[in-house]
Amino acid sequence: MTPDEPPPAPTIADLQRAKASAEAANEAKTRYLVAVSHEIRSPLNVIYGYAQLLERDDAMSGAEAGTIIRRSAEHVTNLVEGLLEISRIESGVMTIRSDIVDIRSLLDQVVDMFRAQAAAKGLDLTLVVADRLPDQVKADEKRLRQILINLVSNAIKYTQTGGVTLSVRYRSQVADIAVSDTGIGIAPDDLERVFAPFDRGSSAEAQLQPGIGLGLAITRVLANVLGGDLGVTSTPGVGSVFRFRVMLPTPASVPRAVTPGAR
Ligand code: ADP
């Protein structure tokens, strides 16, 4: 084909394929919007209901109703933030930072955040760190923290006895981060489903816990955005291990511009 020649006209089959794929994308978007609208409606109904009770000045105290309203409003906020996070990631608007992270301190902070919650459920919460872990690594600190928080938070939520362990091994610039628990576990058929947005799996026991099924979807996308991968192995009734493997180079190993004379 010479540069002046017009491109070949699309065939009927090409047009049909393009139409089918646009329709599939539209259907997926519609399903997504229906799920979101449904999820937003239920906490909003709670807010309306309690606000009406307050208006009528019923038996319930203002403080009690206020707490319920605030929790429901938080639920909506989390939902909307989760969706924004997913759309930011999907549209590639999210910039990935390369912070110098004191990794040991980050791990301690995450575990400390959950100490009270684990203790309240009588669970052990343990941090196991490899000797070889460097003092500093390069990573997007906020996103890394979010991944760890989501995994530890789920492990505690879905565990009733025993405990949760956050362990980190480090070799050749690669960190193997595992969050293991002795919780309800995940059925083999659900192992991939739980990473899909709004999918909470099929376990009736899991549905007893509050949730909207966005945490793992966000966590997996974030793990990928940071260049790592996230997977799970689990035995129902015994426990689960979520593994996040990611390259976390030490600052010294990242090549820098060479200053003349300095070597
Ligand atoms: P949510 O907790 O809001 O439902 P997630 O996306 O974080 O959303 O998790 C999706 C589903 O995966 C949960 O509903 C639960 O069924 C299952 N799940 C996640 N973490 C665990 C875990 N540590 N142990 C057992 N099941 C889990």
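This is a short walk through the structure shown above, from its sheet to its ligand.

The model is a predicted one, so it helps to begin with the confidence that comes with it. Along the chain, pLDDT averages 86, and 89% of the residues score at least 70. For the complex, the predictor reports an ipTM of 0.99 and a pTM of 0.76. As you look around, keep in mind that coordinates should not be read in detail where pLDDT is low.

Let us start with the sheet. Five strands form an open sheet in the order E2-E4-E5-E7-E6, and their pairing is mixed. The edges belong to strand E2, residues 124-129, and strand E6, residues 229-235. Each of these two has a single partner strand, so one of its sides has no neighbour in the sheet. On average, neighbouring strands are turned by 15° against each other, direction ignored.

Now follow the pairing from the E6 edge. Strand E7, residues 239-247, runs antiparallel to E6, and seven bridges join the two. Thr-235 has Gly-239 of E7 as its bridge partner. The hairpin of E6 and E7 has three residues between the strands, and here Gly-237 takes a positive phi near 85°. E7 also pairs with strand E5, residues 174-181: these two run antiparallel and are joined by eight bridges. In this pairing, Asp-176 stands opposite Arg-245 of E7. As you trace a strand, a general pattern may help: in a regular strand, side chains alternate between the two faces of the sheet.

Helices come next. Helix H3, residues 103-120, packs on the sheet and touches E2 and strand E4, which spans 163-171. The direction of H3 makes about 170° with that of E2. Helix H6, residues 215-225, lies across E6 and E7, running at about 135° to E6.

A good residue to pause at is Thr-159, in the loop between helix H4 (141-157) and E4. Is Thr-159 buried or exposed? Its relative accessible area is 0%, so Thr-159 counts as buried. A polar atom of the Thr-159 side chain lies 2.5 Å from the backbone oxygen of Ala-155. Beyond its neighbours within four places in sequence, Thr-159 is in contact with residues including Lys-121, Leu-123, Val-164 and Asp-181.

Asp-181 also leads us to the ligand: an N or O atom in the Asp-181 side chain is 2.9 Å from a nitrogen atom of the ligand. Which residues come nearest to the ligand? There are 20 residues around the ligand, and those that come nearest are Asn-154, Tyr-158, Arg-200, Ile-212 and Leu-216. Ile-212 places a backbone N or O atom 2.9 Å from an oxygen atom of the ligand. For Gly-215, a polar backbone atom is 3.2 Å from a ligand oxygen atom.

Our last stop is Glu-64, in helix H2, which covers residues 62-90. With a relative accessibility of 46%, Glu-64 counts as partly exposed. Tyr-50 is 14 residues from Glu-64 along the chain, and the C-alpha atoms of these two residues are separated by 9.6 Å.

Terms used:
Residues are numbered from 1 along each chain as its sequence is written. This is a predicted model: local features need pLDDT of at least 70, side-chain atom pairs count only at pLDDT 80 or more; totals for chains, interfaces and linings use all residues. Side-chain values use heavy atoms; hydrogens and water are left out. Two strands pair if DSSP finds at least two bridges between them. Helices (H or I, at least four residues) and strands (E, at least two) are DSSP runs, numbered from the N terminus. Axes are lines fitted to C-alpha atoms, for helices over the stretch in contact, and angles run from 0 to 180 degrees between N-to-C directions. Contact means heavy atoms within 4.5 Å. pLDDT is the predictor's confidence in each residue, from 0 to 100. Buried means under 20% relative accessible area, exposed over 50%, partly exposed in between (1.4 Å probe, protein chains only). A polar contact is a pair of N or O atoms within 3.5 Å; within protein, one must be able to donate a hydrogen and the other to accept it, and residues adjacent in sequence count only if both atoms are side-chain atoms. A residue is near a molecule or strand if one of its heavy atoms lies within 4 Å of it.
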